[in-house]
Amino acid sequence: MAKINSNYLLLPNSYLFAEIARKVNAYMQANPKADIIKMGIGDVTMPLTSAVTCAMEKAAKEMGNKETFRGYGPEQGYDFLIDAVIKGEYKSRNIDISHDEIFISDGSKCDVANIQEIFDINSTIAIADPVYPVYLDSNVMAGRSGALNNNGYFEKIIYMPSTKENNFKPSFPSRHADLIYICSPNNPTGAALTKDELKAWVDYALENNSIILYDSAYSAYIQEENVCGSIYEISEACKCAIEFKSFSKTAGFTGIRCAFTVVPKELYAFDDKGNKVELNRLWNRRQTTKFNGVSYVTQRAAEAVYSIEGMKETKEVISYYMDNAKIILDGLKQAGFEAYGGVNAPYIWWKIPNNIKSFDFLDILLNKYQIVGTPGSGFGPSGEGYFRLTAFGNKEKTKEAMQRIIKGGF
């Protein structure tokens, strides 16, 4: 008799964004003429830039030519893209990252979920609350969470509340954590750790033999100089941190999929006998076993992001989205609401009025204003009472959404 992995039964019935899509689709079927403005799922709307599409077109033609056709590529990524990443992301920040410490993948979502596989099942896990759901869900699936209690917390997970009182930046874990997930700039709150705050986390991890799993997917959106574009700007972070970066939001690759993870060779964990084991080697083994690499065409597209023209075009698109973020932030404040984020990230964290529950607010906003956002409680119990809006939409529609809210009130 085949048996299931019963840890899956501990999860909520559906993934957060799948549930939102279900609600929106039902509303659209009942109201086919409704002009719905979607500000929920953090998907980009601007097209790929010309530097990227030209590189893809050239690479696609190479694949149609016998002399330049390529089959399986290296699971870790092609040299040309790794070289571009090192130059564009690390040398530009005076960080020394070696070629074999970078692993090209098909998305940071996959990597932040899969990274837990190389750690012991009994590893203790700390996550910010609220935070991107994949960190939690992947560890629930693996069997590290324990049961879900009546307050919405898994009994074995260490939650680090990120609230208005601490400027939406988590405090150190309440007890020892082997693995600490940090997302900065943060999804969903938009908060970003300063260099001093990030250094404190690195110092904490080194002192406590913890490993930081650092999701830096939104680093390209940082506007303030005292915020790190990479955790490796902090001295000795290479001894305690794995970094995840993505082309999805940076360059609009949500539909073609490309990202990379940095696993320093100075980073170790321990086996059952207490011997040090290099995590870079384990991740390489995992990837070469379970992953066949990102397509050649996609990697040529990603390489083009770091060209002179590609960087110029990418900055223009990011500026467009950050203008939207300002429109949302200013609009909500003009309407008399509390709102946060939108400075170093394309997310606005909206304080819901009148103590309305966040999933109820999803229905209110959809039915009253035909606007879609994301309930804060979907990111963790501390997200209750808040609502996330994204700046990835069309600028005119973003302005219209704010006018609907300003004129309508609650």
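This text goes through a predicted model, from the whole chain to one sheet and the helices beside it.

The chain contains 12 helices and 15 strands. Its radius of gyration is 21 Å, close to the 22 Å expected from the globule rule for 410 residues, so the chain is as compact as a globular protein of that length. Along the principal axes, the C-alpha atoms occupy a box of roughly 60 × 55 × 50 Å. Of the 410 residues, 53% count as buried. Among contacts with a separation of 6 or more, 72% join residues 24 or more positions apart.

One open sheet is built from four strands in the order S11-S12-S15-S14, with antiparallel pairing. Its edges are S11 (339–341) and S14 (374–375), each of which pairs on one side only. Three bridges link S11 to S12 (residues 347–351) in the antiparallel sense. In this region, Tyr 340 has Trp 349 of S12 as its bridge partner.

Helix H11 (residues 358–369) packs on this sheet and touches S12, S14 and S15 (386–390). The direction of H11 makes about 50 degrees with that of S15.

H11 also packs with helix H1 (residues 16–30), at an angle of about 35 degrees and with the axes 11 Å apart. The crossing of H1 and H11 is right-handed. From H1, the contact involves Leu 16, Glu 19, Ile 20, Lys 23, Val 24 and Tyr 27; from H11, Phe 359, Leu 362, Asp 363, Leu 366 and Asn 367 take part. Seven residues of this contact are nonpolar, one is polar and three are charged.

Key:
Residues numbered from 1 in each chain as written. Predicted model: local features only at pLDDT ≥ 70, side-chain atom pairs only at ≥ 80, totals over all residues. Heavy atoms only, no water. Pairing = 2+ DSSP bridges. Helix = DSSP H or I, 4+ residues; strand = E, 2+ residues; numbered from the N terminus. Contact = heavy atoms within 4.5 Å. Axes fitted to C-alpha atoms, helices over the stretch in contact; angles between N-to-C directions. Left-handed = near helix turned anticlockwise from the far one by under 90°. Nonpolar A, V, L, I, M, F, W, Y, C, P; charged D, E, K, R; others polar. Rg over C-alpha atoms; globule rule 2.2 N^0.38 Å. Buried < 20%, exposed > 50% of the residue type's maximum accessible area, 1.4 Å probe, protein only.
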